[in-house]
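User: Hey, I'm new to this one. Can you walk me through what's in front of me?
Analyst: Sure, ask away.
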Amino acid sequence: MKSLIAKLLKSVTVMTLIMMVCAVPAFAEEELNWVEGSGQKVDVGTNLAELELGSDFIFLNAEDTKKYLTQGGMEPSGSEIGVVFPKDEKQTWAVYFEYEESGHIKDDEKTDIDADALLDSYKEGTEEMNKELSPENQLFVDKWDVAPFYDNQLHSLSWSLLAHDNQNNGVINYNVRILSRQGYISAILVSDPANLQADRIVFNNKILKQFNLKQGQRYEDFDKKTDKVAEYGLTGLILGGAGLAVAKKAGLLAILIPLLKKFGIIIVVAVGAIWGFIRKKSGLKKEQSEEQSTQSEQPEQSEQPTQSEQPAQSEQTAQDQETDKQKV
């Protein structure tokens, strides 16, 4: 069970960073190997990718990122490969990079991403998990800030979800998954609702545009004769990546309880989405099976089952989604 929990944590642990203060603490500069940008290229991961680091930014490599998280009271997932901060300490954003060697993720769903169904799954999942939490620790999903969309040229999947806590404080982050030959890199912008739009422009124009996978690690370098293929696609990646595959195999609830005890409420966003997705895919079949069994034993008491409610439509229209894409 411990190994299964560890796999799930790799895909969702960074969600816990949403609420942390991103300004660099003074003591960290004395203990960590900060790299100040001057246009030089820095390695992100081991022979995986590189980033041309502008003069406005500072960078920590994989090991120092883990140390930084530990110093801030967080528990690293083990998949961290770097973090970028602005030099200006008045700015409170950060970009965390993680790498998951999940296997090559096929992008067959790139024109068929159902944003409405995914949002319903997030909402349903978090509502269910809130039943396990005290009111002050509950989290509520509102809507897409940016609905999931796929960039065919960069082979990347992006989305941003708006949520709030019990005190109506906004919770938000901006997620990009860059597909590679043997897995994916998570680039997560940690910001706040008030500054996200401006921070996202910096993230897209000055971080992502300067980030490149190395030769042999690119998506198009996939070799179907030798490379493993992931057990999930783009929808699964949005719902938690590796966590989805683990949940299907191990039984979701057995994994969720230890996670919630260890990492608290923010993880519910990703885990809740997985719960909702699993319930829709497998729970309904189980309920139908139980209904049929009951009807077999007591046919005279059976009733015509009511029609399931149609999933609620997303609060964001197609026009809004297109506007969001143009902002990115």
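User: What pLDDT does the protein chain average?
Analyst: The protein chain averages 73, and 64% of the residues score at least 70. pLDDT is the predictor's confidence in each residue, from 0 to 100. This is a predicted model, so local features need pLDDT of at least 70 and side-chain atom pairs count only at 80 or more, while totals for chains, interfaces and linings use all residues. Residues are numbered from 1 along each chain as its sequence is written, and side-chain values use heavy atoms, with hydrogens and water left out.

User: Where is confidence lowest and where is it highest?
Analyst: Helix 1 (residues 2-12) is the low point in the protein chain, with a mean of 33. Strand 3 (residues 49-52) is the high point, at 98. Helices (H or I, at least four residues) and strands (E, at least two) are DSSP runs, numbered from the N terminus.

User: Which residues stay under 50?
Analyst: Residues 242-289 do, and the model has 101 contacts for them beyond four places in sequence. A contact means heavy atoms within 4.5 Å. The pLDDT is also below 50 over residues 299-328, a stretch with 30 contacts beyond near neighbours in sequence. Where pLDDT is low, the predicted coordinates should not be read in detail.

User: Noted. How many helices and strands does the protein chain have?
Analyst: There are 10 helices and 11 strands. Of the 328 residues, 51% count as buried. Buried means under 20% relative accessible area, exposed over 50%, and partly exposed in between (1.4 Å probe, protein chains only).

User: And what share of the contacts joins residues 24 or more positions apart?
Analyst: That share is 66% of the contacts in the protein chain with a separation of 6 or more.

User: Switching to rings. How many aromatic pairs are there?
Analyst: A search of the whole structure turns up 8. Rings of Phe, Tyr and Trp (its six-membered ring) pair if their centres lie within 6.5 Å; planes under 30 degrees apart are stacked, over 60 edge-to-face, and the rest tilted. One of the pairs is tryptophan 34 with phenylalanine 85, which is edge-to-face at 5.7 Å centre to centre, with 65 degrees between the planes.

User: Where do tryptophan 34 and phenylalanine 85 lie?
Analyst: Tryptophan 34 is in the loop between helix 2 (26-31) and strand 1 (35-36), and phenylalanine 85 is in strand 5 (residues 80-86), so the pair ties together parts that are 51 residues apart in sequence. Both tryptophan 34 and phenylalanine 85 are buried.

User: What about tyrosine 122 and tryptophan 144?
Analyst: They form an edge-to-face pair too, at 5.9 Å centre to centre and 85 degrees between the planes. Tyrosine 122 sits in helix 4 (residues 115-130) and tryptophan 144 in strand 7, so this pair ties together parts 22 residues apart in sequence. Tyrosine 122 counts as buried because its relative accessibility is 4%, and tryptophan 144 counts as buried at 1%.

User: Which rings link into a cluster?
Analyst: Ring pairs link Trp34, Tyr68, Phe85 and Tyr96 into one. Tryptophan 34 also has its C-alpha 5.8 Å from that of phenylalanine 59, though the two are 25 residues apart in sequence.

User: What does valine 42 touch?
Analyst: Leaving out residues up to four places away in sequence, valine 42 touches Val35, Ala49, Glu50, Leu51, Leu53 and Phe59. Valine 42 lies in strand 2 (residues 41-44) and counts as buried at 8% relative accessibility.

User: OK, odd backbone angles. What's the phi of histidine 155?
Analyst: Histidine 155 has a positive phi of about 55 degrees although it is not a glycine. Histidine 155 is in the loop between strand 7 (139-151) and strand 8 (156-165). Asparagine 168 is another residue other than glycine with a positive phi, near 65 degrees, and is found in the loop between strand 8 and strand 9 (170-179).

User: Buried or exposed, those two?
Analyst: Histidine 155 counts as buried because its relative accessibility is 16%. Asparagine 168 counts as exposed, at 61%.
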